[in-house]
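This briefing looks at strand pairing in sheets and at the surroundings of aromatic side chains. Please keep the structure in view while reading.

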Amino acid sequence: NGARRKTNQRHLISANLVFGKSGRSGNVKITAKWRSIPGRLTRISRGRAGIWGVNRHGAIYKLNSNGRSWKRVSGNLVHISVGSQVWGINRNHYIYKYIGRNRWRRMPGRLTNLDVSDRGHVWGVNRNRDIYRWTGRNWQHIGGKAVQATVGPSGVWVVNRGHNIYYRRGTYGDPNSAGSGWIHVPGKLKWISSGRGVVVGVNSGNNIYYRKGLSAGRPTGTGWVHIPGKLMMIEIYGDQVVGTNPGHAIFKCPVTGVPSTGGRGGKGGRTGNP
């Protein structure tokens, strides 16, 4: 039942990518091999606080240390994000922060999507597609429109209603900053996730892509690389990618050779508002 339900399905995908360091032609090789995790989830997220997810009924789960079973956590959410903290959103768009021992604290505002980094930075969007950044005390409105946002070592990225992709200038390295302006990045995605020196996402056809060539000097990278497989949402954190497919099956893969982060980023691509 829910994330505890066993699945015999196994799926293996292999892909090799080459990324550059600091804008040079690189030889960093990233190999991804997808394997199933038992259960069914509609949202999954991984961060310093572990791997958490929610199923179609809103039940909340945390993956146990054995990597094969789930622990039920109290509450009911439709969206969850994990970084140094765990935040979530319920079906009424109310925002909650996990404070331990099966307890959640209601946070100000309402959102439909949010993301939390390992440095505790939170960005999100509401039902009007307005973009917000948590300052630690309140929500700061950021110009532009989006339906999904991500914040992490490769900075803040968003996708809008037309699945156009934007990077927030000055956010590479995950500084405590609102950045300044949006840079349009070619391509179309419905979901995106900011990792260490790499951004990963899926498009409307549930096809999976990596953004290659990211660095502090070239924070928007050099191009997208297609990865075989189908996922409806995806997240990258450190040495692992997790995601769920249209049937709510859960997958993970190890990532090796990821370049370290550094710097605040620079310019690249066309500037505009999402």
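Two strands are taken to pair if DSSP finds at least two bridges between them. On that basis, this predicted model contains an open sheet of four strands in the order β3-β26-β25-β24, with antiparallel pairing.

**The sheet β3-β26-β25-β24**
- The edges are formed by β3 (35–40) and β24 (233–237), each of which has a single partner strand, so one side of each is left without a neighbour in the sheet.
- Direction ignored, neighbouring strands of this sheet are turned by 20 degrees against each other on average.
- Strand β24 runs antiparallel to strand β25 (residues 240–244), and five bridges join the two; within β25, Val242 is the bridge partner of Glu235.

**The sheet β20-β21-β22-β23**
- Another open sheet of four strands follows the order β20-β21-β22-β23, with antiparallel pairing.
- Here β20 (191–194) and β23 (223–230) stand at the edges, and because each has a single partner strand, one side of each lacks a neighbour in the sheet.
- Neighbouring strands of this sheet are turned against each other by 20 degrees on average, direction ignored.
- Four bridges connect β20 with strand β21 (residues 199–202) in the antiparallel sense, and Ser194 has Val199 of β21 as its bridge partner.

**Aromatic side chains**
- The count of aromatic pairs comes to seven, and one aromatic cluster is formed by Trp52, Tyr98 and Trp104.
- Arg72 lies over the face of Tyr61, at 5.8 Å from the ring centre, while the charged end of Arg168 sits over the ring of Trp182, 4.9 Å from its centre.

How values were computed:
Residues are numbered from 1 along each chain as its sequence is written. This is a predicted model: local features need pLDDT of at least 70, side-chain atom pairs count only at pLDDT 80 or more; totals for chains, interfaces and linings use all residues. Side-chain values use heavy atoms; hydrogens and water are left out. Rings of Phe, Tyr and Trp (its six-membered ring) pair if their centres lie within 6.5 Å; planes under 30 degrees apart count as stacked, over 60 as edge-to-face and the rest as tilted. A charge sits over a ring if NZ of Lys or CZ of Arg is within 6 Å of the ring centre and within 35 degrees of the ring normal. Axes are lines fitted to C-alpha atoms, for helices over the stretch in contact, and angles run from 0 to 180 degrees between N-to-C directions.
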